[in-house]
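Here's a quick briefing to read with the model open in your viewer. It goes topic by topic, so feel free to jump around.

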Amino acid sequence: MKAAIIVFPGSNCDRDVRVALAAAMARAGAKNEPIMVWHKEADFPKVDLIVLPGGFSYGDYLRCGAMAAHSPAMHEVARRARAGVPVLGICNGFQILTEAGLLPGVLMRNASLKFVCRVVRLRVEARQGPFTHGYAAGQVVRVPVAHHDGNYFAGDEEMERLEERGQIAFRYCDAAGDLTSAANPNGSARNVAGVFNEAKTVLGLMPHPERLADPALGGADGRPMFDGLVEALS
Amino acid sequence: MSGALANERLAAEHGLSAEEYGRVLEIMGRAPNLLELGIFSVMWSEHCSYKSSKAWLKTLPTEAPWVIHGPGENAGVIDIGEGLVAVFKMESHNHPSYIEPYQGAATGVGGILRDVFTMGARPIANLNALRFGAPAHPKTRHLLAVVVAGIGGYGNCVGVHTVGGELNFDPGYDGNILVNAMTVGLAPADRIFTSQASGVGNPVVYVGSKTGRDGIHGATMASAEFGEGAEEKRPTVQVGDPFTEKLLIEACLELMATDAIVAIQDMGAAGLTSSSFEMASKGGLGVELDLDRVPCREDGMSPYEMMLSESQERMLLVLAPGREDMARAVFEKWDLDFAIIGRLTETGRMVLRLRGETVGDLPIDPLAEAAPEYRRPYEVPPPPAEVLAATVPAPEDTGASLARLLGGPHLCSRRWVWEQYDHMVMADTAARPGGDAAVVRIHGSDRGLAMTADCTPRYCAAAPHAGGARAVAEAWRNLTATGARPLAITDNLNFGNPERPEIMGQFVGCVEGIGAACRALDFPVVSGNVSLYNETEGRAIPPTPTIGAVGLIDDLARAATIAFKAAGQEIVLIGETRGHLGASLYLREIAARTLDGDGGGAPPPVDLVAERRNGDFVRGLIATGQVDTCHDLSDGGLGVALAEMALAGGVGARIEPPEDETPLHAWLFGEDQARYLICATAAGPILEAARAADVPAARIGATGGATLTLPGGRPISLGDLRAVHEAWLPRYVGEARGNNPGEAHGNNED
């Protein structure tokens, strides 16, 4: 598998996701590592996976992800995404994907109005496409969130469409897998933590699977996402 | 020379005494103009010159075989082996944070980050120590919420995790909160950068943000007391932009990988003035600056404003000849300003030009050397009396007292604070907030750095020498409890007006205590910061020498955490328990005795020999894999430490009464020093080893169940204890209790 990670000014999880992805590639016996693509480069090599990392691209000025969505690399990412190249957006990457129109809905300020960094539980809603390939449908996993603007919102009709088409990838849940409001860290509609595009080739999620992909850090539930991607795309 | 000339009245307005102004005239050989006076004023401010504290700081131990750079650089540097160094420092941003809490706290984080990456290190962790007034004070709630938001707003955006710290409330901070921020960084041992300029003719380069009119005379403001109308000083507070800081970190580290940089200095307090002065002074050179080339936010800024602005996210570099284009390309890639604003000279003078005219001309060395230094008179307070446990009322139910302590402002969970900080970015957080010390993995290895920030101001107020020593000892214990080898400290000394002998007495006592502990524990001071004049209307803060400390864990697989891991483990108390209730939280919160004046009695004595012996013993148990559960005892004593271990692990315990005659409440809540709690499958071998090492140790109970049972108390369910422990802060700030209250903290959440 060949993967590219787009680095925007203000990205700060680019190294973290590179480490997690490179470890998954190494486990699968790959000799290559993900390449890092500076946001000013529109012309980067052909890859099997594009990752938009977390962080504060452009300092979150104007609106989270709004300016990054218009950078030269993103025009190219959008073109390739429409051609079916898998794109994963984590946290700020998810915000960029909604701003770029590659995913439905918006990410509003957290209901608490505060930044929240906490390990939460997610229910894997569907094992569909390369992104949730490493999990079982209905599985409950522990993954951290760290954001100020992760409150997912889409209109009722849009939400119904997402549900019908199986575009909801992850939801915040409690230990039993129940979708309680106490388990929802940011007020997201219907506890949505991550959504697919209709073709399941683009995933955006607020939680950071790359931060708990190593048992030494207190959990490795994020690891199957990367292992699954490598397996599905190699 | 241009511009209006200064006089004694203007000098006084700039915070210079008549005597100091006399010295200015002597050095200049003429009356300075306003710009020059402004430069003297900031360079000789308490904040920049350490004029009241320098004589005492010189008494602190600063050397050890692993110390590479001690105090005097932007941050301390210690060798941690395998070709790496740790770079760290703690600094206060107290005055600005009281006046404008969001920006004050945010730029405190920005400033300390720059001190660390200026030296070539990538920042890998932030910590902070925060002190607010009484919870009932009308300003406290707002200041707490906004300071925490400011710290998070800056640290989260730059992508450096905030992993630890402490939070206190005390009416002594009602009019002067303290915001102390610490950064730890990592660098290759062969690529450490300093501010020592060299090479006559080399270009002096300005990079980062543009210069604006913010923060002018911030250093002078921070060197005076507050009176009525402190809020009017708001324009002296800087405004931060963490996005630019992030770009500046990446651009500087990118350029530092080349051979372009000769010297580098961040523009912190006193901005362009102190950075250029410092670089030239350390190199024994002069510097000429062309102020027309300084990137400015607005037109028409005067030389005075440019030189004294404390606009954030700016750096000054001296480049090697011929490297200008390469350096410019790096900063332009990151969309940062880059301007060659001057060059180094051999004159030993700072010459400032604007539109071809000389607007300032000062000698560098005489100004630095003649900086005033005072040996201010001081009074040592008489030692307070011991408090006998028998004179302190015992509670009806020790469990109820424990719940009250854990559910109050001083010992409640700090989760509400640290969940607003990104404490996991960089994906190397091996021990998250909530333990004795944070542990951050050294990227790409199995080693880790443990780090902590500690001080107990109520001890320092009661007995400065013991309080200072104890702050160091507690930091050393917190590192030890994770299994780390404590290496060095940074001290952030916050006090009132040093011109008052009783305040100077607190300062001297604390510094002497710090020095004694550092020597006894082989724990040198490698960097620090002094913040004086923390007074409002003549009322000083409690003496607060915050100690930031760093230690090394050789193998993260052999690190300990505070959480009880399983049922059926035996709990062993290490260290001697005499039941010392003087200046304790129990005395103040449960027995409702005031600690003001000498009402609280003597704080627990610090026996540095016992500290070292007990700590070395515990560290040995962890390093050899015999113990993976350890907690140091501090505020609230044994009872509180047990509860924290039980809550962290979600495993209860039953504790047996002591074998000797110590009154139960003193045994459970006394704050005797040099103590730890550890767990083991069998206590026997540990007790035997302790006897052999001459370390007091006793089995006090065993883990298990879902309740904590203390002698003299009814069993308390962990669920109830957790509920009161988690409730106080969210309720105080007016929010419903946080989500997921059922989760234990630390890394063992399930």
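Let's start with a sheet in chain B of this predicted model: seven strands form an open sheet in the order 23-25-22-26-24-27-28, and the pairing is mixed. Strand 23 (630–632) and strand 28 (716–717) of chain B sit at the edges with a single partner strand each, so each has one side left without a neighbour in the sheet.

**More on that sheet**
- Strand 24 (residues 653–655) and strand 26 (residues 697–703) of chain B run antiparallel and are joined by three bridges.
- To find the register, look at B:Ile655, whose bridge partner in strand 26 of chain B is B:Gly701.
- Helix 18 (residues 464–482) of chain B packs on the sheet, where it touches strand 23 and strand 25 (676–680) of chain B.
- The direction of helix 18 of chain B makes about 175° with that of strand 23 of chain B.

**Strand 11 of chain B and its partners**
- Strand 7 (residues 203–208) of chain B runs antiparallel to strand 11 (residues 337–345) of chain B, with six bridges between them.
- In that pairing, B:Asp337 of strand 11 stands opposite B:Gly208.
- Strand 9 (residues 286–290) of chain B also runs antiparallel to strand 11 of chain B, this time over four bridges.
- Here the residue to check is B:Gly286, which has B:Thr345 in strand 11 of chain B as its bridge partner.
- As a general reminder for reading these pairings, side chains in a regular strand alternate between the two faces of the sheet.

**Where the chains meet**
- The contact between the chains draws 27 residues from chain B and 25 residues from chain A.
- On the chain B side, helix 8 (140–158), helix 10 (242–256) and strand 14 (429–431) each put in at least two residues.
- Helix 10 of chain B is the top contributor to that side, with four residues.
- By type, the chain B side splits into 12 nonpolar, nine polar and six charged residues.

**A closer look at B:Leu253**
- B:Leu253 is part of helix 10 of chain B.
- B:Leu253 has 17 C-beta neighbours inside 10 Å, so it counts as partly exposed; the buried class would take 20 or more.
- Leaving out residues up to four places away in sequence, B:Leu253 touches B:Phe117 and B:Arg122.
- If you want a long ruler, B:Leu253 and B:Met28 are 39 Å apart, C-alpha to C-alpha, with a sequence separation of 225 residues.

**Chain A overall**
- Chain A has five helices and 11 strands.
- A compact globule of 234 residues would have a radius of gyration near 17 Å, and the 16 Å of chain A agrees with that.
- Taken along the principal axes, the C-alpha atoms of chain A fill a box of roughly 45 × 40 × 30 Å.
- Of the 234 residues in chain A, 59% count as buried.
- If you take the contacts in chain A between residues at least 6 apart in sequence, 75% join residues at least 24 apart.

**The start of chain A**
- Strand 1 (residues 3–7) and strand 2 (residues 35–38) of chain A pair in the parallel sense, with four bridges.
- A:Ala4 is found opposite A:Ile35 of strand 2 of chain A.
- Between these two strands the chain goes through helix 1 (residues 14–27) of chain A, making a right-handed β-α-β crossover.

How values were computed
Residues are numbered from 1 along each chain as its sequence is written. Chains are lettered from A and ligands numbered from 1 in the order in which they are written. This is a predicted model: local features need pLDDT of at least 70, side-chain atom pairs count only at pLDDT 80 or more; totals for chains, interfaces and linings use all residues. Two residues are in contact if their C-beta atoms, placed from the backbone, lie within 7 Å. Ala, Val, Leu, Ile, Met, Phe, Trp, Tyr, Cys and Pro count as nonpolar, Asp, Glu, Lys and Arg as charged, and the others, Gly among them, as polar. Two strands pair if DSSP finds at least two bridges between them. Axes are lines fitted to C-alpha atoms, for helices over the stretch in contact, and angles run from 0 to 180 degrees between N-to-C directions. The radius of gyration is taken over C-alpha atoms; the globule rule is 2.2 Å times the number of residues to the power 0.38. A residue is buried if 20 or more other C-beta atoms lie within 10 Å of its own, exposed if 12 or fewer, and partly exposed in between; C-beta atoms are placed from the backbone. A crossover is right-handed if, with the strands pointing away from the viewer, the path from the first strand over the helix to the second runs clockwise.
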